[in-house]
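Colleague: Please take one part of this model and go through it closely. Then carry on to whatever else bears on side-chain cover and charge pairing.
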Amino acid sequence: MTEIIENTDAPSAKLSPAVERFVLHWGDMGATWGVNRSVAQIHALLFVSGKPLHAEEISETLEMARSNVSNSLKELVGWELIKRVPVRGDRRDHYEAVGDVWEMVRTIVAMRKARELDPAAEVLKSCLNEARDDPSTSPEAVARLDDMKDMLDLFDGWYGQMKDTPKETLLPMIRMGSKVIELLRPFTRKKE
């Protein structure tokens with residue numbers, strides 16, 4: 001059931017220096033991941049805003065063109081990082097970010113895997129098959145491509161196991177990280 005939020009009609013507030021720095025940094029980070037800077041900044045603003053915002057508020061707060069904001073909002077909705085929410089007494093569309101950090105990270109990781117790792121794995125598989133069939137390809141090159149494919153397959157399998165693991169199970173596992181490494185160290189040491 002969709003919650004209806006009351007319209008406060010308050011003008012958008014100027015961002016605090018810390019929030020502004022976060023929004024700008026999230027935009028820079030998004031740009032390094034191949035995500036439009038504006039899309040990432042809007043996502044950051046909605047994530048920290050604490051209330052749904054309409055496109056005009058976002059445009060004014062971030063000093064972006066309204067058309068840029070509209071296109072960015074459509075992209076974020078498509079990625080399921082934000083959702084449209086109704087606000088009583090206001091006919092404009094309002095948006096809010098997924099508030100659960102774990103769900104946000106899962107969505108971003110799934111998106112990056114689909115956009116980057118899956119295509120890379122397909123190309124690698126094709127190159128490896130071609131290299132195996134080509135006598136002019138050195139055995140070392142085939143071995144290295146095979147090692148890389150094994151590593152990507154390992155990560156893909158691990159991702160498949162972790163993506164649906166509940167937060168309540170993952171969190172203790174992550175917190176145990178260095179303890180598990182120390183526990184396994186005697187079994188993983190290379191013989192000298």
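What is the relative accessible area of R92?

Modeller: R92 has a relative accessible area of 38%, so it is partly exposed. Three classes apply: buried is under 20%, exposed is over 50%, and partly exposed lies in between, with a 1.4 Å probe and protein chains only. Two notes on the source. This is a predicted model, so local features need pLDDT of at least 70 and side-chain atom pairs pLDDT 80 or more, while totals for chains, interfaces and linings use all residues. Residues are numbered from 1 along each chain as its sequence is written, and side-chain values use heavy atoms, without hydrogens or water.

R92 pairs with D90. The two form a salt bridge, with the closest N and O atoms 2.7 Å apart. (A salt bridge puts a side-chain nitrogen of Lys or Arg within 4 Å of a carboxyl oxygen of Asp or Glu.) D90 sits in strand β4, residues 90–97. Strands are DSSP E runs of at least two residues, helices are H or I runs of at least four, and both are numbered from the N terminus. D90 counts as buried because its relative accessible area is 14%. So the bridge joins a buried acid to a partly exposed base. D90 has another partner as well. A polar contact of 3.4 Å links its side chain to that of H94. (Polar contacts are N or O pairs within 3.5 Å; within protein, one atom must be able to donate a hydrogen and the other to accept it, and residues adjacent in sequence count only if both atoms are side-chain atoms.)

Now leave the strand. V98 lies in the loop between β4 and α5. At 26% relative accessible area, V98 is partly exposed. Beyond its neighbours within four places in sequence, V98 is in contact, meaning heavy atoms within 4.5 Å, with F47, E80, L81, I82, E103 and M104. The C-alpha atoms of V98 and K83 are 7.4 Å apart, although 15 residues separate the two along the chain.

E80, one of the contacts of V98, deserves a backbone check. E80 is in the loop between α4 and β3 (82–88). Its phi is positive, near 65 degrees, and it is not a glycine. Most residues other than glycine have a negative phi. E80 is exposed, at 60% relative accessibility. E63 also has a positive phi, about 55 degrees, without being a glycine. Its place is the loop between α3 (55–62) and α4 (66–78). At 74% relative accessibility, E63 counts as exposed.

Back to charge pairs. The structure holds 14 salt bridges. One joins E57 and K51, with the closest N and O atoms 3.4 Å apart. E57 is buried at 7% relative accessibility, whereas K51 is partly exposed at 31%. Another joins D153 and K149 at 2.6 Å. Both lie in helix α6, four residues apart, about one turn of the helix. Residues three or four places apart in an α-helix point the same way, because it has 3.6 residues a turn. D153 is partly exposed at 39%, and K149 is partly exposed at 22%. Salt bridges with shared partners also join K113, D118 and D156 into one network.

Next, helix α6 itself. It covers residues 139–162. The expected span is 1.5 Å times one less than the number of residues. For 24 residues that gives 34 Å, and the end C-alpha atoms are 34 Å apart, which agrees. V142, Y159 and M162 are buried in α6. Their cover includes α5 (101–133) and α7 (167–175).

Helix α8 is hardly covered: zero of its twelve residues are buried. Its expected span is 16 Å and its end C-alpha atoms are 15 Å apart, which agrees. M173, M176, V180, L183, L184 and F187 form a nonpolar surface patch with about 610 Å² of accessible area together. Patch members have over 30% relative accessible area and no salt bridge; nonpolar side chains (Val, Leu, Ile, Met, Phe, Trp, Tyr) are joined within 5 Å, like charges within 9 Å. Areas follow Shrake-Rupley with a 1.4 Å probe, and for residues only the protein chains shown count as cover. Helix α8 (residues 177–188) supplies the largest share of the patch, four residues. L183 belongs to α8 and counts as exposed, at 60% relative accessibility.
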